[in-house]
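User: I'd like to learn how to read cysteines and charged pairs in a structure. Could you walk me through them?
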Amino acid sequence: MKTALVCGAGGFIGSHMVRRLKDEGFWIRGVDLKYPEFWETAADDFVVGDLRDPSLCRQIVDRRFDEVYQFAADMGGAGFVFTGENDADIMHNSGQINLNILDTCHKRNIKRIFYSSSACVYPEYNQLDPENPNCSEDSAYPAQPDSDYGFEKLFSERLYLAYHRNKGMEVRIARFHNIFGPYGTWKDGREKAPAAMCRKVAMAPDGGTVEIWGDGNQTRSFLYIDECLEGTLRLTRSDWTGPVNIGSDEMVTINALADMAMVIAGKKLKKDHIQGPLGVRGRNSDNRLIEKMLHWRPSRPLYEGLEKTYHWIEQQVRKLKSDG
Ligand code: NAD
């Protein structure tokens with residue numbers, strides 16, 4: 001039986017990855033500060049622990065895993081990473097997790113490890129035009145991410161690549177672009193745009209208003225979780241290191257994302273544009289490299305994933321209201 005270690009298995013992407021690997025017949029150990037919030041973990045063994053602690057890392061890496069996935073990070077949407085208030089925690093916590101787990105795997109002679117980097121590594125100066133952002137993999141340098149979250153990701157990418165060059169580690173690095181779907185954070189400040197939009201639309205009475213940060217003309221693309229998992233598995237099992245974008249190239253404005261959520265909800269709402277943390281002006285996944293190297297690219301339309309996500313969040317909102 002194949003075995004996998006999933007770090008960050010209590011989080012959004014990690015908890016989905018555990019299920020996907022379980023469906024493939026793996027024995028899985030998950031590790032996180034917490035159990036998944038919205039569903040039961042499918043891991044065979046789930047360790048609640050802190051990956052900033054090197055002794056915890058030694059304890060969980062007690063065997064040769066066939067696959068190791070590193071999703072753990074101090075992380076959130078724009079309301080968490082772009083205010084500047086959490087920079088020290090983000091850099092310290094995520095940096096330490098990566099330093100620990102990578103070195104522990106090296107010492108245990110586990111060669112292959114997947115690392116989840118982010119589109120937030122791309123320089124702000126290439127993402128000022130909402131119609132025409134440049135997010136090709138080779139554009140990450142000269143570095144100028146617009147957040148310390150992006151700088152930590154860039155540092156950790158380099159750390160993994162250095163272990164690859166100097167110590168023979170078979171690292172696999174993806175830069176995720178806005179992954180979304182059910183069973184993810186949808187309120188309380190760490191949620192990302194699609195979940196926040198679904199929540200706002202689900203909570204508003206028909207004819208009411210929905211608040212949007214900024215003028216809503218900023219552009220983004222959003223990738224449904226199942227496609228993210230597929231790309232991640234294909235990269236991890238390939239013989240290529242990356243870094244590579246795993247994202248959708250269906251770019252939309254935030255206003256268009258709101259309109260889509262309203263169509264799904266069957267509601268007509270007014271948009272109230274308010275001040276808020278925004279991030280870069282435009283961002284889209286450039287999928288040429290993944291297509292060339294892995295002969296694969298995500299292909300499902302945004303609407304399809306948003307519909308599934310909206311229905312799950314609407315259910316959560318109803319539950320919240322009925323719990324008083
Ligand atoms: P998430 O916040 O849902 O999951 C991260 C998990 O890491 C959380 O469950 C958290 O408790 C855990 N964690 C944090 N500190 C820890 C510690 N010290 N010890 C053990 N566990 C710890 O985030 P996610 O959306 O599932 O993202 C997973 C990874 O993908 C992260 O590295 C993130 O930066 C990256 N990423 C995600 C997106 C996205 O759109 N979701 C985009 C780009 C990159």
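**Cysteines and charged pairs**

Analyst: Happy to, and here is a first taste: Asp 286 counts as buried, at 14% relative accessibility (buried means under 20% relative accessible area, exposed over 50%, partly exposed in between, with a 1.4 Å probe and protein chains only). This is a predicted model, where local features need pLDDT of at least 70 and side-chain atom pairs count only at pLDDT 80 or more, while totals for chains, interfaces and linings use all residues. Residues are numbered from 1 along each chain as its sequence is written, and side-chain values use heavy atoms, leaving out hydrogens and water.

User: How many disulfides are there?

Analyst: A disulfide is a covalent bond between the sulfur atoms of two cysteines; here it is a pair of cysteine sulfur atoms within 2.5 Å. By this rule the count is zero. For Cys 120, the nearest cysteine sulfur is that of Cys 135, 9.7 Å away.

User: And how many salt bridges?

Analyst: Side chains of opposite charge can pair when their charged atoms come close. The rule asks for a side-chain nitrogen of Lys or Arg within 4 Å of a carboxyl oxygen of Asp or Glu, and a search of the whole structure finds 23. In one of them, Arg 288 pairs with Asp 286 at 2.6 Å between the closest N and O atoms; Arg 288 is exposed, at 62%.

User: Which residues are linked in a network of salt bridges?

Analyst: Arg 20, Glu 24, Glu 67, Glu 230, Arg 234 and Arg 237. Within that network, the closest N and O atoms of Arg 20 and Glu 230 are 3.0 Å apart.
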